[in-house]
Amino acid sequence: MSGTIKGSRDNVVRLLRRVAAAATVAAASLGLLAACSSPFGNGSDQTASGSDKVQTFEPAEGKAEATLNIASGSENKEVADAIQKAVDDSGVAVTMNYMGSLDIMGALKNGGDTYDAVWPASSMWISMGDTKHIVKDAASTSTTPIVFGIAKSKAEQLGWADSSGKTQSVKTADILAAVSSGKLKFSMTSATQSNSGASAYLAFMTALTGRDEPLTAADLNDTTLTNQVAALLKGVDRSSGSSDWLKDMVVASPDRFDSMVNYESLVIQADKQLTKAGHDPLVAIYPADGIAVSDSPLGYVDRGQNLEDAFAKFQKALSSKDSKLLFERAGRRTGLGGALAYGSDSQVQQSFRAEWGINTSADTLKTIALPSASVIDQALTVYQTKLRKPSYTIWVVDYSGSMNGEGKDGVVSGLTSALDPTKSAQYHIEPSGEDVNVLIPFSSTAETPVTAHGTDTGELLRQAEERAATGGTNIYDGLNSAFSILPSNLDDYTTAVVLMTDGQSSTSSRQSFTDRYHASGHDLPIFSIMFGDADPAQLNELAKLSNAKVFDGRSGDLAAVFRQVKGFN
């Protein structure tokens, strides 16, 4: 291990390994998800080529001696300059495949699939996924704590920061009080689908025990404690399956989303974009009674492909002073114990800015006391089935004639994997007793909605399977139907519409629906799963309208795409 990751790293790794133990069952079944698109940019100046999910970096001069295929966490999009520098210095090209940490662990369990290296957010995904012992020479590239990023004006209103950006000591109980009083709402990734969400959730629960000790099984049965955690999570007004996408969403709509739980590095990236656009920056709040840290390890996947030398050259270049400087300029820490190694550099100072509440003191990173793997497993189950804010999901499903056969079969399989309590529990996305799921089949017109409350989803799934696929495609009638059955108490749920279609809808109703959406006053996300001949432009327009995203189900495992969508709700 590099000397830059000693100190706090032992605590970090223990946390990460234990969270992974809870997620092992889910990751073993998850394959690589289909590529997805987003109306938001990733916000970094990149010299790499590629799509939202895949980027290839080539040496600036000369032909690459080899290309490494890397399974990477999405947050590494933000350190493109450091990656490009390492590629230039090593002469080794890299292809970055951005995916969730669970997917990276699943790839390792599958023998590494086609990847030559893995670069997840945290060591846990390597430790728990590498059952075949194929990962070699894993080492941390940087560290970043998970913090609250709160719009400066909001932080001042709460009394947590002054006009200069200097922050007060804020405990988790203070955050809970702000949520309970209606003064604070925030966005956060799913604790059962994302490293940042899982780590933050465990920190919340540990801090609220009031002890500097690990969580116990008894704590999970402590009604007072679980009620406090549930009350805090009621402040979540938008969930996400991706930390990087969450950051992009906040940047795209700062007037709508003024607070998020995310990596410090992504708060910094968000602030660079927000201030450039003339918006209020986010102030970083470090919970004083417990925090989690990501250690961002890179390791070689030995599948017998004989690329060890190329990997060693790239890894060495990535750990050079020049590359580490670029990491810090992007908002990642590379010094001992989470300190800065290049704090005197002017561009590093422009990232770690005091007026954004950024605190580079090592004693800011008070890591939580860690429970056993079995307790973390129970904690994640309790989160998914009892403590998280209930979801209200309206599934608007295309049953036009073109869906007959494989199309409908894929939709039914996807709905089953997401809503059947037994199957969905394998992926930690099972419904809670307070969730609501509504199926709205549509073709030329919208059909009668079918509603399932709690875990009783059998009748909804039966009707989804038995309904015939026939007629045309009228997306907007299905969406209008969804908006006519919204719950009166939207704040009690994380509410979303999930549209699934394989065709293009007449645009004659587009404007009337757009007008209705704006008139409703609800910022309700419309996620879409496209397959067949669906029009990406039409679906991305809906995503942009509603601060959502489009999932591409045209290739790969459609059921896996459905499960990914549930990570956003």
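Me: In α22 of this predicted model, Leu558, Ala559, Ala560, Val561, Phe562, Arg563, Gln564, Val565 and Lys566 are buried; what makes a residue count as buried?

Reply: The word is used for a residue with under 20% relative accessible area, and Leu558, Ala559, Ala560, Val561, Phe562, Arg563, Gln564, Val565 and Lys566 in α22 are each placed in that class.

Me: How do you know that helix α22 (residues 558–566) is mostly covered?

Reply: The count for helix α22 is 9 of its 9 residues buried, and on that count the helix is described as mostly covered.

Me: Why is Ala369 called partly exposed rather than buried or exposed?

Reply: Its relative accessible area is 22%, while buried needs under 20% and exposed needs over 50%, so Ala369 falls in between and is partly exposed.

Me: Where is Ala369 found, and what does Ala369 touch?

Reply: Ala369 is found in the loop between α14 (346–351) and α15 (373–387), and, leaving aside residues up to four places away in sequence, it touches Thr206, Asp212, Glu213 and Pro214. The C-alpha atoms of Ala369 and Ala207 are separated by 8.9 Å, although these two residues are 162 residues apart along the chain.

Me: Why is His133 called exposed?

Reply: A residue counts as exposed over 50% relative accessible area, and His133 has 61%, so His133 is exposed. His133 is found in the loop between α4 (124–129) and β7 (135–140), and it has a positive phi of about 55 degrees although it is not a glycine.

Me: How do you know that Asn306 counts as exposed?

Reply: Asn306 has 63% relative accessibility, and the cut-off is over 50%, so Asn306 counts as exposed. The place of Asn306 is in the loop between β14 (297–301) and α12 (308–318), and its phi is near 60 degrees, a positive value in a residue other than glycine.

Me: What makes α7 and α9 oblique to each other?

Reply: Helix α7 (residues 195–208) and helix α9 (residues 223–233) pack at an angle of about 135 degrees, and their axes are 10 Å apart. Roughly perpendicular covers 65 to 115 degrees and roughly antiparallel begins over 145, so an angle of about 135 degrees belongs to neither and α7 and α9 are oblique. In addition, α7 passes α9 in a right-handed crossing.

Me: Which residues in α7 meet residues in α9?

Reply: From α7 come Tyr201, Phe204, Met205 and Leu208, and they meet Leu225, Gln228, Val229, Leu232 and Leu233 in α9. By class, this contact of α7 with α9 has 8 nonpolar, 1 polar and no charged residues.

Me: Why is α6 called oblique to α9?

Reply: Helix α6 (residues 172–180) and α9 pack at an angle of about 60 degrees, with 8 Å between their axes. Roughly parallel needs an angle under 35 degrees and roughly perpendicular needs 65 to 115, so about 60 degrees lies outside both and makes α6 oblique to α9. The crossing of α6 and α9 is left-handed.

Me: Which residues in α6 and α9 meet?

Reply: Thr172, Leu176, Val179 and Ser180 in α6 meet Gln228, Ala231 and Leu232 in α9, and by class this contact has 4 nonpolar, 3 polar and no charged residues.

Technical notes:
Residues numbered from 1 in each chain as written. Predicted model: local features only at pLDDT ≥ 70, side-chain atom pairs only at ≥ 80, totals over all residues. Heavy atoms only, no water. Axes fitted to C-alpha atoms, helices over the stretch in contact; angles between N-to-C directions. Helix = DSSP H or I, 4+ residues; strand = E, 2+ residues; numbered from the N terminus. Left-handed = near helix turned anticlockwise from the far one by under 90°. Contact = heavy atoms within 4.5 Å. Nonpolar A, V, L, I, M, F, W, Y, C, P; charged D, E, K, R; others polar. Buried < 20%, exposed > 50% of the residue type's maximum accessible area, 1.4 Å probe, protein only.
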